[in-house]
Each structure stands twice: as C-alpha cells, then as structure tokens.
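Hi,

Here is the structure I promised to send over. Have a look at it first, and then read on for what turned up.

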Amino acid sequence: MRAEAVQPEWRRDEVSAYYEAKTERLLQRYGPGPRVHYHSGLVDVVPPPGASSEVLRDTVHAAQEALLVELARAVGRFPDGGEVLDVGCGLGGGAMYWATEHQAHVTAVTNVPSHVALVRGFAEAAGVSARVRPILCDALSVPGRAAFDAVVAVESACYLPRAEWFRRTRTLLKPGGVLAIADCFLCRPELAPGFDRYWRTRIGSLDEYLSAAHAAGLELEVRDDVSSRVVGFWSLTLELMVHERASAHPSQHPLRALAQAGRGESSREHLRLQQALMDGGLEYGLLVLRRVD
C-alpha cells in the first residue's frame, strides 16, 4: 500500500525549526545526559502505578537503549570499531551508544544547528569526543563514497524521501555495508495525514520502503516487528507528562493534572500512536538492509 498522495511535504527548514523549538523540553524529559535519546524504546515490564518521575525517566532511558541493543542484534555482527553514520542523530545519544558500546567512529548528522554543539559537549562528557563527529548537514548531502560500514537511522527515515535517500545511502556504504532502520511503518493509509501532521514526517508503508531499497541496490536481510514491545513506552511517556504538569502547577490536584494532561494534543497523539500499534494500524519495525554489489 502507498500513501504518498495524502501526505504533506514538510520543508527541511520546517522540520529543523520544529526540533529547534523542542530542544529544551526534550532535554528536560530525556536528559540530563550525556546519552540523551528522544525516540521510542522497548518495554517488557511497565512500572506499577504511582511510580515516581525518577523511576519513569530511568525506565524510559533503559527502554530507549534496549531498542539500540535490539537493533545491533538484528544487524548480527555490528561493525565494532568501524565507521558508522548516524542519520538524524538528535542530541547524540545513539552516536555515543555506538561509540561506547561498539567502539565505532561515528559521524553524527543533524539538521538542527544548536544540536551540533550539544552533541559535541555530550561526547566530551562521555569521553568519546575522539570517536563522535557531529556535523550540520542534510542527510542527502553527506559527503563521501564507500565511507561507512553501517548507516543507522532511528526514527529519521520517516522524514526523508526514501528513493533518493536509499540511493545516496548505497553510495555512502562500503561494499557489504548495512543500513539499520528503526521506525514506524504505515499499515492503514487513513492514519497517515494525522501522523504526519503532528510528527512532521512522511510516514511510509513497508512495501514502499522495501521497493525503494531494492531499486537502490539494498537487499532486506532482517525485518523484526517489535510493536508489542513499544506499546508500553507510550504509557511511560504519558505518565511522565502527568508528572511534568504537576511540577509546573504544584498546587493542582493530581487527578486534575491527569485530566488536563489527557486533553492535551501531545497526550492525544501519544494515545493514538499507542492504539495504532496495538490494533495493527502502525507497525514499529527494525529493518536491516545490505548493500548489494
């Protein structure tokens, strides 16, 4: 199934401005660092009701790192010590994970100007500044040819024109190199407009991804559906929103804070995403694609 006809085309400067404006809020929710992630995570056990914000934040961070562990497992033999391109690196949590846990030399690409200095600072704090190089660059304009053992895209492929990006990625990969993707994929086309409008993306179906990848010379090796393990992550973020609202309005009754949080746009979209993952409207998947020579 294809959904291009109903999807908005976000300009790259709009996406950059969107994340620039969200930076402080993301740091407050997912920080303090140095490994700061703002993507989904894998949750097998949700903390009991009434968990503190500290417990929730620790569980969220562990879940986000568990996603990276699972993505590396899907690759099979992750190129330890190799050259890795982190596309849409955010605040650099993934880049620091690959550099620390896999001794990779990571080129961390972002299109948000303020994030370059933040990633550099976090890399220094983590002791991996020699192995993490943040650059301000569009994903389609990364320089080089046959330069990387692996390209990693955690919830960034949904922002990119797939056919063009896959062609560029194949050029950037060394022979036999892998592209590892973790993202949401569209299963019911009617969900695309709302999803894209809120998240500023251009979500696609697995068929669209795999067709474009094959045409670019990238062959599928692994497809893992981890939707059921991502569902709990959105329960955690919803609970965190309640704590955040209570902190902002300490005199407010907790039940009122819960009700108001549930009415907010962010909470509604988190709930919609969670429901779509549960009823099959969306799939959260891991894809491993290899350069074919």
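To start with one residue: in which strand does Asp183 lie? Asp183 belongs to strand 5, which covers residues 173-186. Do keep in mind that this is a predicted model.

Asp183 is the residue I'd open first. Asp183 is buried, yet has no salt bridge. The nearest side chain of opposite charge is that of Arg162, 6.7 Å away, whereas a salt bridge is counted only within 4 Å. What the Asp183 side chain does have is backbone nitrogens: a polar atom of this side chain lies 3.2 Å from the backbone nitrogen of Cys158, and the backbone nitrogen of Ala157 is 3.4 Å from a polar atom of the same side chain. Leaving out residues up to four places away in sequence, Asp183 touches Glu155, Ser156, Ala157 and Cys158, and also Tyr209, Glu283, Tyr284 and Gly285.

One of those neighbours has a backbone worth a look. Glu155 has a positive phi, near 55°, and is not a glycine. You'll find Glu155 in the loop that runs between strand 4 (148-154) and helix 5 (162-172). Gln103 is another non-glycine residue with a positive phi, in this case near 50°. Gln103 sits in the loop between helix 3 (93-101) and strand 2 (105-110), and is partly exposed, with a relative accessible area of 38%.

While you're checking the backbone, go to the loop between helix 1 (12-30) and helix 2, where Pro32 is found. The peptide bond from Gly31 to Pro32 is cis, with omega near 10°. Pro34 is in the loop between helix 1 and helix 2 as well, and the bond joining Gly33 to Pro34 is also cis, with omega about 10°.

Now for the packing. In soluble globular proteins, nonpolar side chains tend to be buried together. Here the largest nonpolar core has 65 residues, and those with the most contacts inside it are Leu71, Trp98, Val132, Leu273, Leu277, Leu282 and Tyr284. Helix 2 (residues 53-75) gives the largest share of this core, 9 residues. Tyr284 should look familiar, as one of the residues that Asp183 touches. For Val132, the contacts beyond four places in sequence are Ala95, Met96, Ala99, Val106, Ala108, Val119 and Ala123.

There is also a second, separate core of 29 residues, including Ile135, Val151, Ala157 and Leu160. Ala157 takes you back to Asp183, being one of the residues in contact with it.

Best wishes

Technical notes
Residues numbered from 1 in each chain as written. Predicted model: local features only at pLDDT ≥ 70, side-chain atom pairs only at ≥ 80, totals over all residues. Heavy atoms only, no water. Core = buried A, V, L, I, M, F, W, Y, C linked by side-chain atoms within 4.5 Å. Buried < 20%, exposed > 50% of the residue type's maximum accessible area, 1.4 Å probe, protein only. Helix = DSSP H or I, 4+ residues; strand = E, 2+ residues; numbered from the N terminus. Contact = heavy atoms within 4.5 Å. Lys, Arg positive; Asp, Glu negative; His and termini not counted. Polar contact = N/O pair within 3.5 Å; in protein donor to acceptor, adjacent residues only side chain to side chain.
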